[in-house]
Amino acid sequence: NGNTFIGFDDLVGGSNVPNGYRNINWNNAVAYTNSYAVSGYNTGTISKNNTSYNSGASSMTMTRVGSTLFTLYSVAIAAAWNDNLQLSVIGYRSSAVIASSTFTLQVLSVSNIVFSGFTALDTAVFSTSGGTTNPTVSGSGLHYAMDNLCVTVA
């Protein structure tokens with residue numbers, strides 16, 4: 001059906017997701033192999049051994065390669081450290097906002113998000129804010145663990 005499944009499992013853990021990966025350019029996305037006993041990185045790793053996260057807890061941006069546009073369909077995602085973490089996803093085409101949604105993420109339960117209206121984008125920005133540190137984890141911050149992203153690139 002033209003969909004691309006992005007599991008990040010063919011990347012080296014700890015490396016930046018490279019531009020052009022799965023026909024998308026990536027900014028501030030890192031492939032990660034979990035090393036924490038208890039964290040959202042465990043929760044958010046759905047396929048095999050890798051997930052991805054937003055380095056420095058800063059916004060992660062996906063942009064088109066060349067003239068191709070992409071559509072976001074779904075993703076499995078969990079907060080790494082903070083319960084009630086707010087995830088804002090904004091989709092753009094030609095600098096105009098096409099779609100915008102905010103989701104609430106937890107550390108110990110994965111959110112299977114289905115995107116609505118995120119069609120024919122040239123840019124998507126994933127930003128986080130808020131929440132409180134889950135008392136069972138050893139880290140802190142506004143990071144997420146994202147896996148099994150389903151997109152179409154055309």
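Colleague: What makes strand S6, residues 70-79, count as mostly covered?

Modeller: In this predicted model, 8 of the 10 residues of S6 are buried, and buried here means under 20% relative accessible area. S6 also has partner strands: 8 bridges join S6 to strand S13, residues 144-153, in an antiparallel arrangement, and 4 bridges, likewise antiparallel, pair S6 with strand S10, residues 111-114.

Colleague: How do you know that S6 and S10 pair, and which residue stands opposite Ala 76?

Modeller: Pairing requires at least two bridges between the strands, and S6 and S10 have 4, so the requirement is met. Ala 76 stands opposite Asn 112 of S10, while towards S13 the bridge partner of Ala 78 is Ala 145.

Colleague: Why is the contact between Tyr 41 and Tyr 53 called an edge-to-face pair?

Modeller: By the ring criterion the structure holds 12 aromatic pairs. In one of them, Tyr 41 and Tyr 53, the ring centres are 5.9 Å apart and the planes stand at 75 degrees; because a pair needs centres within 6.5 Å and edge-to-face needs over 60 degrees, both conditions are satisfied by these values. The pair links distant parts of the chain, with Tyr 41 in helix H1 (residues 40-44) and Tyr 53 in strand S4 (residues 50-54), 12 residues apart. Both Tyr 41 and Tyr 53 are buried.

Colleague: How do you know that Phe 115 and Phe 126 belong to the edge-to-face class?

Modeller: Their centres lie 6.3 Å apart, and their planes are at 85 degrees, which again falls within the 6.5 Å limit and over the 60 degrees that the class demands. Phe 115 sits in the loop between S10 and strand S11 (123-129), whereas Phe 126 is in S11 itself, 11 residues apart.

Colleague: Why are Phe 115 and Phe 126 called buried?

Modeller: The relative accessibility of Phe 115 is 8% and that of Phe 126 is 0%; since the limit is under 20%, Phe 115 counts as buried, and so does Phe 126. Leaving aside neighbours within four places in sequence, the contacts of Phe 126 include Met 62, Leu 72, Leu 87, Phe 115 and Met 146. In the largest nonpolar core, which has 41 residues, Phe 126 is one of those that touch the most other members, together with Trp 26, Met 62, Leu 72 and Met 146. Among the elements that give two or more residues to this core are S6, S11 and S13.

Colleague: What makes S2 and S9 the edges of the open sheet?

Modeller: The sheet has 5 strands in the order S2-S5-S11-S8-S9, with antiparallel pairing. S2 and S9 each have a single partner strand, so one side of each lacks a neighbour in the sheet. The twist averages 15 degrees from one strand to the next. Within the sheet, S8 and S11 run antiparallel and are joined by 7 bridges, with Gln 86 opposite Ser 129 in S11.

Colleague: Why does Ser 39 count as buried, and where is it placed?

Modeller: Ser 39 lies in the loop between strand S3 (29-33) and H1, and because its relative accessibility is 2%, against a limit of under 20%, Ser 39 counts as buried. Beyond neighbours within four places in sequence, Ser 39 is in contact with Asn 34, Ala 80, Trp 81, Val 107 and Val 137. One of these contacts, Trp 81, belongs to an aromatic cluster with Tyr 32, Tyr 36, Tyr 41 and Tyr 53.

Definitions and conventions. Residues are numbered from 1 along each chain as its sequence is written. This is a predicted model: local features need pLDDT of at least 70, side-chain atom pairs count only at pLDDT 80 or more; totals for chains, interfaces and linings use all residues. Side-chain values use heavy atoms; hydrogens and water are left out. Buried means under 20% relative accessible area, exposed over 50%, partly exposed in between (1.4 Å probe, protein chains only). Rings of Phe, Tyr and Trp (its six-membered ring) pair if their centres lie within 6.5 Å; planes under 30 degrees apart count as stacked, over 60 as edge-to-face and the rest as tilted. Contact means heavy atoms within 4.5 Å. A nonpolar core is a set of buried Ala, Val, Leu, Ile, Met, Phe, Trp, Tyr and Cys residues joined through side-chain atoms within 4.5 Å. Axes are lines fitted to C-alpha atoms, for helices over the stretch in contact, and angles run from 0 to 180 degrees between N-to-C directions.
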